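Here is a short back-and-forth on reading a structure, feature by feature. Keep the viewer open while you follow along.

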Amino acid sequence: MIIGNEKDVTIAATAAMGQTADPRLREIMTSLVKHLHGFVRDISLTEAEFRDATAILGEMGRLTTDNHNEMVLMAGSLGVSSLVCLLNNGDEGNTETSQSLLGPFWRLNSPRVENGGSIVLSDTPGPPLFVDAQVVDAQGQPIAGAEVDVWQASPVGLYENQDPEQADMNLRGKFTTDARGRFWFRSVLMTGYPIPTDGVVGRMLKLQNRHAYRPAHLHALIFKPGFKVLISQVYDPHDPHIETDAQFGVTRALIGDFVRHDEPHPTDPGVTTPWYSLDYLYRMQPGEAVLPRAPIK
């Protein structure tokens with residue numbers, strides 16, 4: 001149609017989206033145009049602001065590399081990642097769920113580690129952490145043979161792909177649950193850390209007077225045919241930023257019990273004190289086992 005006024009633009013664009021053959025894509029694009037046009041009208045977007053916005057999107061694309069994903073970082077910083085997760089799990093966000101954010105630091109091909117082994121691959125000072133976890137189904141029955149990918153930041157608040165001082169794949173590992181659905185390993189106690197602030201997300205946080213910190217947490221991605229892939233984070237409730245996560249990812253179901261021990265370790269006298277332990281139960285739901293796309297290589 002020939003555009004006669006600003007309302008005609010939305011009518012024409014919505015009609016164009018309606019020609020999309022795929023029903024779900026048609027639904028998404030039609031809704032996107034309606035809400036995006038509504039947003040532009042609601043804030044009376046100026047031409048200068050529009051040019052700035054497109055430049056920012058272009059910058060975010062350029063900042064996304066094999067080792068850093070600015071787009072995922074922004075989605076989390078706007079609360080979108082957490083919202084999508086909760087809407088798609090836990091009875092559409094009405095009940096607790098073990099699901100959480102994937103985050104921008106998951107990598108494929110973590111090294112295989114036997115249960116009881118360590119994911120510390122290079123000199124990583126910090127209090128020892130012993131994790132003992134179990135994976136169960138919706139009825140509480142153990143899930144044997146599940147693949148469990150774990151990863152975490154170091155005690156200095158950096159993932160190994162951010163830190164040249166750490167060995168490749170340090171503090172990452174892939175385990176297989178035993179007949180009781182258990183997996184267990186040794187690591188070091190992680191700490192909270194600031195998300196990268198040298199890009200678009202950092203500028204936004206500064207303008208909003210927000211801090212950039214995520215509370216200390218342990219990541220897990222659990223795969224087993226017949227179940228929806230479980231992506232989870234377990235948070236340390238003692239972290240000072242537990243209630244103000246920059247990525248809005250903390251739910252009560254994801255708060256773990258990181259217990260401090262000042263006595264000698266019961267089976268390994270060489271463990272320094274204090275040391276910490278974490279026991280946690282991961283609950284998987286039935287569904288299609290589809291791995292997500294890795295945000296970095």
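## Reading the model together

The buried residues of helix α1 pack against α2 (23–43).

Q: Which residues of α1 are those buried ones?

A: Start with the cut-off: a residue is called buried when its relative accessible area is under 20%. In α1, that label goes to Asp8, Thr10, Ala13 and Thr14. Keep in mind that this is a predicted model.

Q: What span does α1 have from its first C-alpha to its last?

A: The idea is to set the end-to-end reach beside the one expected at 1.5 Å a residue. Helix α1 covers residues 6–17, 12 residues in total, and reaches 18 Å, close to the expected 16 Å.

Q: Which residue caps the N-terminal end of α1?

A: Look for a side chain that meets a backbone nitrogen there. Asn5 does the capping, with a side-chain oxygen 3.0 Å from the backbone nitrogen of Lys7.

Q: Let's zoom out. How many helices and strands does the protein have?

A: Seven helices and 10 strands. As for dimensions, the C-alpha atoms fill a box of roughly 80 × 40 × 30 Å along the principal axes.

Q: What share of the residues is buried?

A: Of the 297 residues in the protein, 43% are buried. Turning to the outside, the protein exposes about 16,000 Å², and carbon and sulfur atoms supply 56% of that area.

Q: Which residues form a nonpolar patch on the surface?

A: Pick out nonpolar side chains that sit together and still show some area. Here Leu32, Leu36, Phe39, Val40 and Ile43 make up such a patch, with about 420 Å² of accessible area together. Take Val40 as the example: this residue lies in helix α2, and counts as partly exposed because its relative accessibility is 33%.

Q: Why does Val150 count as buried?

A: Same kind of check, using relative accessible area. Val150 is buried because that value is 0%. Val150 belongs to strand β2 (residues 147–151). Not counting residues up to four places away in sequence, Val150 touches Ile119, Leu171, Arg172, Gly173, Phe175, Phe183, Phe185, His219 and Ala220.

Q: How many residues apart along the chain are Val150 and Arg172?

A: They are 22 residues apart along the chain, while their C-alpha atoms are separated by 5.6 Å. For the chain as a whole, take the contacts with a separation of 6 or more: residues 24 or more positions apart account for 71% of them.

Q: What does the side chain of Ser82 reach?

A: For a polar side chain, check its accessibility and then look for a partner. Ser82, in helix α5 (residues 80–87), is buried, with a relative accessible area of 9%. The Ser82 side chain reaches the backbone oxygen of Phe248 at 2.9 Å. Leaving aside neighbours within four places in sequence, Ser82 is in contact with Leu101, Gln247, Phe248 and Gly249.

Q: And Gln166, buried or exposed?

A: Try the steps again. Gln166 sits in the loop between β2 and β3 (172–176), yet this residue is buried, at 11% relative accessible area. The side chain of Gln166 reaches the backbone oxygen of Leu158 at 3.1 Å. Besides Leu158, its contacts beyond four places in sequence include Ser122, Ser154, Tyr159, Glu160 and Leu171.

Technical notes
Residues numbered from 1 in each chain as written. Predicted model: local features only at pLDDT ≥ 70, side-chain atom pairs only at ≥ 80, totals over all residues. Heavy atoms only, no water. Helix = DSSP H or I, 4+ residues; strand = E, 2+ residues; numbered from the N terminus. Expected span 1.5 Å × (residues − 1). Buried < 20%, exposed > 50% of the residue type's maximum accessible area, 1.4 Å probe, protein only. Contact = heavy atoms within 4.5 Å. Polar contact = N/O pair within 3.5 Å; in protein donor to acceptor, adjacent residues only side chain to side chain. Patch = residues over 30% accessible without salt bridge, like charges linked within 9 Å, V, L, I, M, F, W, Y side chains within 5 Å. Areas by Shrake-Rupley, 256 points an atom, 1.4 Å probe, with all protein chains shown as cover. Salt bridge = Lys/Arg side-chain N within 4 Å of Asp/Glu carboxyl O.
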